[in-house]
Amino acid sequence: QVRLVESGGGWVQPGGSLRLSCVVSGRPFGTWPMAWFRQAPGKEREFVAAIRGNSGMKYYGDSVKDRFSASKDNGKSTMYLQMNCLKPEDTDVYSCAAGSGSPISSLLRHASQYSDWGQGTQVTVSS
């Protein structure tokens with residue numbers, strides 16, 4: 001059974017930091033693309049970050065680049081999202097996703113490329 005379990009969400013003041021984790025079990029981890037997406041009620045799902053499997057190349061959404069950093073530990077089958085300089089507009093449910101193959105870079109930003117998803121973790125940024 002494939003499972004993706006996120007943790008690390010919570011409440012933080014503007015300008016603060018949080019680190020999300022996504023532990024993957026039941027499927028290969030190191031060689032497949034992984035991603036973070038976020039979504040608020042009534043809004044479309046937004047691409048946050050992706051990491052290619054073999055090369056480890058990283059991609060970021062325009063609204064988070066230079067503030068967020070994705071990484072992974074293949075030995076622990078875990079992906080991370082370090083979020084710095086958080087803003088109220090970063091408030092969302094953050095979900096991790098796992099794909100397969102080696103899609104072109106532009107497709108890594110699309111939720112349809114990922115077959116397995118976690119349940120999400122809430123991040124709230126407010127004063």
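1. A quick definition to start: two strands pair if DSSP finds at least two bridges between them. With that in hand, have a look at E3 and E8 in this predicted model. Six bridges join these two strands, and E3 and E8 run antiparallel. If you want one rung of that ladder to find on screen, try Val23, whose bridge partner in E8 is Thr78.

2. Now step back to the sheet around that pair. E3 and E8 belong to an open sheet of four strands, in the order E1-E3-E8-E7, with antiparallel pairing. Its edge strands are E1 (3-7) and E7, each of which pairs on one side only. From one strand to the next, the twist averages 15°. As a general reminder, strands of a sheet pair through backbone hydrogen bonds, either parallel or antiparallel.

3. Next, the packing. The largest nonpolar core has 25 residues, and Leu81 and Met83 touch the most other members. Seven elements may be worth colouring here, as those that give two or more residues to this core: strands E3 (18-25), E4 (34-39), E5 (46-51), E7 (68-73), E8 (78-83), E9 (92-99) and E11 (121-125). The most comes from E3, with four residues.

4. Met83 deserves a closer look. Leaving aside residues up to four places away in sequence, which residues does Met83 touch? They are Gly16, Ser17, Leu18, Leu20, Arg67, Phe68, Tyr94 and Val123. There is also a second, separate core, made of eight residues, and Ala35, Ala50, Tyr59 and Tyr114 are among them.

5. Two loop residues are worth checking for their backbone angles. Ser77 lies in the loop between E7 and E8. Its phi is near 50°, a positive value in a residue other than glycine. Is Ser77 buried or partly exposed? Buried means under 20% relative accessible area; Ser77 has 21% relative accessibility, so Ser77 counts as partly exposed.

6. The other one is Cys85, in the loop between E8 and E9. Cys85 is not a glycine, yet its phi is positive, at about 50°. Exposed would mean over 50% relative accessible area. Cys85 counts as partly exposed because its relative accessibility is 47%.

7. To pull this together on screen, I would begin at E8. This strand is joined to E3 by six bridges, and E8 is one of the elements giving two or more residues to the largest nonpolar core. From there, follow the chain to Ser77 in the loop between E7 and E8 and to Cys85 in the loop between E8 and E9.

Terms used. Residues are numbered from 1 along each chain as its sequence is written. This is a predicted model: local features need pLDDT of at least 70, side-chain atom pairs count only at pLDDT 80 or more; totals for chains, interfaces and linings use all residues. Side-chain values use heavy atoms; hydrogens and water are left out. A nonpolar core is a set of buried Ala, Val, Leu, Ile, Met, Phe, Trp, Tyr and Cys residues joined through side-chain atoms within 4.5 Å. Buried means under 20% relative accessible area, exposed over 50%, partly exposed in between (1.4 Å probe, protein chains only). Contact means heavy atoms within 4.5 Å. Axes are lines fitted to C-alpha atoms, for helices over the stretch in contact, and angles run from 0 to 180 degrees between N-to-C directions.
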